[in-house]
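Colleague: I am new to this structure. Could you walk me through how to read it, one feature at a time?

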Amino acid sequence: MDSLLLALDKYYEEMVSIRRYLHANPELSFEEVNTPKYIANFHRELGLEVREGVGGRGVVAVLRGGKPGKTVALRADFDALPIQEENDIPYKSKVDGVMHACGHDGHTATLLILAKALYEMRESICGNVVFIHQFAEEVLPGGAKPMIEDGCLDGVDVIFGTHLWAPTPLGEIHVKNGAIMAAPDMFEVTIQGKGGHGAEPHNAVDAIVLGAQYVSQVQTIVSRRISPLKHAVVTVGQFEAGKAYNIIAEKATMKGTVRTFDEDVRIQIEKELESLAKSICDGANATYEFTYTRGYPPVVNHPEETALLADVAMDVPEVKEVKECVPLMVGEDFAYYLQKVPGTFFITGAKHPDWETAYPHHHPKFNFDERAMLIAAKTMGLATLKYLETFCNK
């Protein structure tokens with residue numbers, strides 16, 4: 001384990017270089033072409049077994065240890081977001097309107113260098129390590145499910161993954177047994193009224209007024225319809241209506257997201273959202289269309305693997321504190337891996353100590369302390385070796 005830590009220290013500058021190259025050359029979900037090629041070439045040059053086009057655009061590399069044993073999978077995502085970067089940095093995105101604003105460039109660099117360090121000590125490793133590089137985490141239906149269907153977890157006994165988290169201080173590792181991230185669903189409501197002249201509202205059915213009522217009453221679903229002992233979020237993020245200031249809009253479209261952990265709450269909120277649209281429209285002689293799209297399931301960690309990860313994280317020199325975190329309402333398709341094999345997904349703090357505030361994920365000025373990548377690599381690496389060691393020769 002000491003050898004692994006030293007190797008990762010040695011390759012830290014290369015890790016940063018990889019991250020900055022990927023940051024400058026981002027690719028959107030389901031449009032990744034050069035990134036998977038770069039990843040595959042890196043692993044192939046190390047000497048690993050590489051499979052490309054897994055599930056579509058995924059890459060899987062396999063390191064076979066010198067001794068027989070179990071198989072650990074490690075996963076990193078590599079897609080970017082449709083955001084125009086506003087950071088003034090030397091490695092700023094070269095692609096107009098596309099940016100790594102969630103740390104996936106860092107996830108990829110972390111896993112590549114961890115593969116390099118582990119490869120150097122392969123003869124002493126009991127078992128195998130599978131490096132899963134996933135496309136399209138940001139956009140439904142995501143890349144995890146098709147990669148699993150294409151065999152990325154075949155023969156895998158356990159899986160670990162992390163997210164570099166800019167709001168969390170550098171040096172902190174956050175773990176959570178059970179649900180750590182929510183199910184992120186999407187809904188869309190279109191209200192069809194009757195257009196008219198702005199001076200004659202009595203001859204029209206104002207879709208904007210009805211839409212405003214809908215948005216307002218949506219706020220009561222969680223506060224008045226869901227048990228206060230349950231976690232849930234309903235957010236309307238888009239409202240589109242109207243073409244001119246003096247015309248009563250005949251149509252209003254609203255889109256939003258629902259975040260839940262419990263299936264019964266998820267079902268109830270879907271019903272409440274449509275029931276609300278129906279009652280508002282029925283009372284105003286309007287009609288509506290409602291669609292509800294289920295996103296990823298909640299990310300639910302397994303107890304033994306979470307405990308193992310928390311234990312080894314304390315052996316990472318740069319880790320100052322290991323905490324149990326509260327569940328996050330963000331979503332992650334790492335959930336699908338955990339439905340198939342035991343494992344855990346943890347948070348690696350990435351806020352620079354000198355930053356008074358950190359721009360949130362998906363912000364045009366998002367960035368993170370690159371030293372978090374080293375902490376993530378060491379934590380996942382030690383967890384991998386600890387797990388494989390436990391079952392060596394058994």
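Modeller: Let us start with charge. The chain carries 38 positive and 54 negative side chains, and the centres of these two sets lie 2 Å apart. Keep in mind that this is a predicted model.

Colleague: What does the secondary structure of the chain come to?

Modeller: The chain has 10 helices and 16 strands.

Colleague: How do I read the radius of gyration of the chain?

Modeller: Set it beside the value for a compact globule. For 394 residues that value would be near 21 Å; the chain has 24 Å, which agrees. Then look at the spans. The C-alpha trace extends about 80 × 45 × 40 Å along its principal axes.

Colleague: Which two C-alpha atoms could illustrate a separation in space?

Modeller: Take G196 and E45. They are 151 residues apart along the chain, and their C-alpha atoms are separated by 67 Å. G196 sits in strand β9, residues 196–197. Its relative accessibility is 24%, so G196 counts as partly exposed. Leaving out neighbours within four places in sequence, G196 contacts A204, I247 and I248.

Colleague: How many of the 394 residues, in percent, are buried?

Modeller: Buried residues make up 55%. For the surface, the chain exposes about 17300 Å², and carbon and sulfur atoms supply 50% of that area.

Colleague: And how do I read contacts along the sequence?

Modeller: Ask how far apart the partners are in sequence. Among contacts with a separation of 6 or more, 82% are between residues 24 or more positions apart. T71 and V156 give a case: 85 residues apart in sequence, yet 5.0 Å apart in space, C-alpha to C-alpha.

Colleague: Where does T71 lie, and is T71 buried or exposed?

Modeller: T71 lies in strand β3, residues 67–77. T71 counts as buried because its relative accessibility is 9%, and the cut-off is under 20%. Beyond neighbours within four places in sequence, its contacts are N128, V130, G155, V156, D157, V158 and L388. With N128 there is also a side-chain polar contact of 3.2 Å.

Colleague: Which side chains make polar contacts with the side chain of D185?

Modeller: There are two to look at. R266 is joined to D185 by a polar contact of 2.7 Å. Y292 is joined to D185 by one of 2.8 Å. D185 belongs to strand β8, residues 183–192. At 2% relative accessibility, D185 counts as buried. Its contacts, setting aside neighbours within four places in sequence, include G256, T257, V258 and T293.

Colleague: How do I read the packing of a helix?

Modeller: List its buried residues, then see what they pack against. In helix α8, residues 303–313, the buried residues are E305, T306, L308, L309, A310, V312 and A313. They pack against strands β5, β6, β14, β15 and β16, and against helix α10.

Colleague: Helix α10 is residues 371–390. What does T384 in that helix touch?

Modeller: Not counting residues up to four places away in sequence, T384 touches V72, L74, V129 and F160. T384 counts as buried, since its relative accessibility is 0%. A polar atom of its side chain lies 2.8 Å from the backbone oxygen of M380.

Colleague: What should I know about backbone angles?

Modeller: Start with the general rule. Most residues other than glycine have a negative phi, and most peptide bonds are trans. Now look for departures. A cis peptide bond joins L140 and P141, with omega about 5 degrees. P141 is in the loop between β4 (126–134) and α5 (144–149).

Colleague: Which residue in the loop between β4 and α5 has a positive phi although it is not a glycine?

Modeller: A136, with a phi of about 50 degrees. A136 is in that loop between β4 and α5. At 0% relative accessibility, A136 counts as buried.

Colleague: N285 has a positive phi as well. Is N285 buried or exposed?

Modeller: N285 is exposed, with a relative accessible area of 73%. Its phi is about 60 degrees, and N285 is not a glycine. Look for N285 in the loop between α7 (263–282) and β13 (287–293).

Note on methods. Residues are numbered from 1 along each chain as its sequence is written. This is a predicted model: local features need pLDDT of at least 70, side-chain atom pairs count only at pLDDT 80 or more; totals for chains, interfaces and linings use all residues. Side-chain values use heavy atoms; hydrogens and water are left out. Helices (H or I, at least four residues) and strands (E, at least two) are DSSP runs, numbered from the N terminus. The radius of gyration is taken over C-alpha atoms; the globule rule is 2.2 Å times the number of residues to the power 0.38. Buried means under 20% relative accessible area, exposed over 50%, partly exposed in between (1.4 Å probe, protein chains only). Contact means heavy atoms within 4.5 Å. Accessible areas come from the Shrake-Rupley method with a 1.4 Å probe; for residues, only the protein chains shown count as cover. Lys and Arg count as positive and Asp and Glu as negative; His and the chain ends are not counted. The place of a charge is taken as NZ of Lys, CZ of Arg, CG of Asp or CD of Glu. A polar contact is a pair of N or O atoms within 3.5 Å; within protein, one must be able to donate a hydrogen and the other to accept it, and residues adjacent in sequence count only if both atoms are side-chain atoms.
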